[in-house]
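Work through the exercises below with the sequence and the model in view. Try each task before reading its solution.

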Amino acid sequence: DPPVPSGIVYKVQIGAFRQGVPPAFIEKNKLIGELSQHINEDGYYVVAAGSFKDINGAQKFRDKAVTDYGLKDAFVISCMGEEIIPLADALKIVGSK
């Protein structure tokens, strides 16, 4: 995919941990696809899967995570660089481009 002009990408959060991500969680979920780790504003270690330039692709991937991998609590997040930003803010930024 070409770079996103706004620098925003959408990912699917599949887990969040207060004390760091257990290696067993990564091992168990590595087949879902590319995993990334971030620290959110509350200090939780977030594990996200995928990386999409549009929210529709992320939503389809989230549906697949729920149905194919049983990750019923998965949801779409947005990132600018390595920082998680509120989804509403990302949609405003992308919409203004």
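## Exercise 1: The sheet

The model, which is predicted, contains an open sheet of 5 strands in the order β2-β3-β1-β4-β5, with antiparallel pairing.

Task: State which strands are the edge strands.

Solution: The edge strands are β2 (35-39) and β5, since each of them pairs on one side only. From one strand to the next, the twist averages 50°.

## Exercise 2: The neighbours of β1

Task: Find which residue is the bridge partner of V12 in β4, and which is the bridge partner of G15 in β3.

Solution:

Step 1. Take the β4 side. β1 pairs with strand β4 (residues 75-80) in the antiparallel sense, over 6 bridges. Within β4, V76 is the bridge partner of V12.

Step 2. Take the β3 side. Strand β3 (residues 45-52) and β1 are also antiparallel, with 6 bridges between them. Here the bridge partner of G15 is V47.

Step 3. Turn to burial. A residue is buried when its relative accessible area is under 20%. In strand β1 (residues 8-17), 8 of the 10 residues are buried, so the strand is largely enclosed by the rest of the structure.

## Exercise 3: The β5 edge

Task: Decide whether E83 is buried or exposed, and find which residue stands opposite E83.

Solution:

Step 1. Locate the residue. E83 belongs to strand β5 (residues 83-85).

Step 2. Apply the cut-off. Exposed means over 50% relative accessible area. E83 has 53% relative accessibility and therefore counts as exposed.

Step 3. Find the pairing. β4 and β5 pair in the antiparallel sense over 3 bridges. M80 stands opposite E83 in β5. Helix α3 (residues 87-95) packs on the sheet and touches β1, β4 and β5; the direction of α3 makes about 170° with that of β1.

Step 4. Look across to another residue. L35 is 48 residues from E83 along the chain, and their C-alpha atoms are separated by 15 Å.

## Exercise 4: Salt bridges

Task: State how many salt bridges the model has, and how exposed the residues K72 and D73 are.

Solution:

Step 1. Count. A salt bridge needs a side-chain nitrogen of Lys or Arg within 4 Å of a carboxyl oxygen of Asp or Glu. By this rule there are 4 salt bridges.

Step 2. Take the pair K72 and D73. Their side chains meet in a salt bridge at 3.8 Å, N to O. K72 is exposed, with a relative accessible area of 64%, and D73 is exposed, with 62%.

Step 3. Take the pair R62 and D63. The closest N and O atoms of this salt bridge are 3.1 Å apart. R62 counts as partly exposed at 25% relative accessibility, and D63 counts as partly exposed at 43%.

Step 4. Take the pair E27 and K30. Their salt bridge is 2.8 Å, N to O. K30 counts as partly exposed at 44% relative accessibility.

## Exercise 5: The whole chain

Task: Give the order of the elements of the protein chain from the N terminus on, and compare its radius of gyration with that of a compact globule.

Solution:

Step 1. The protein chain has 3 helices and 5 strands, and the elements run β-α-β-β-α-β-β-α.

Step 2. A compact globule of 97 residues would have a radius of gyration near 13 Å, and the protein chain has 13 Å, so the two agree. The C-alpha trace spans about 40 × 30 × 20 Å along its principal axes.

Notes:
Residues numbered from 1 in each chain as written. Predicted model: local features only at pLDDT ≥ 70, side-chain atom pairs only at ≥ 80, totals over all residues. Heavy atoms only, no water. Buried < 20%, exposed > 50% of the residue type's maximum accessible area, 1.4 Å probe, protein only. Helix = DSSP H or I, 4+ residues; strand = E, 2+ residues; numbered from the N terminus. Pairing = 2+ DSSP bridges. Axes fitted to C-alpha atoms, helices over the stretch in contact; angles between N-to-C directions. Contact = heavy atoms within 4.5 Å. Rg over C-alpha atoms; globule rule 2.2 N^0.38 Å.
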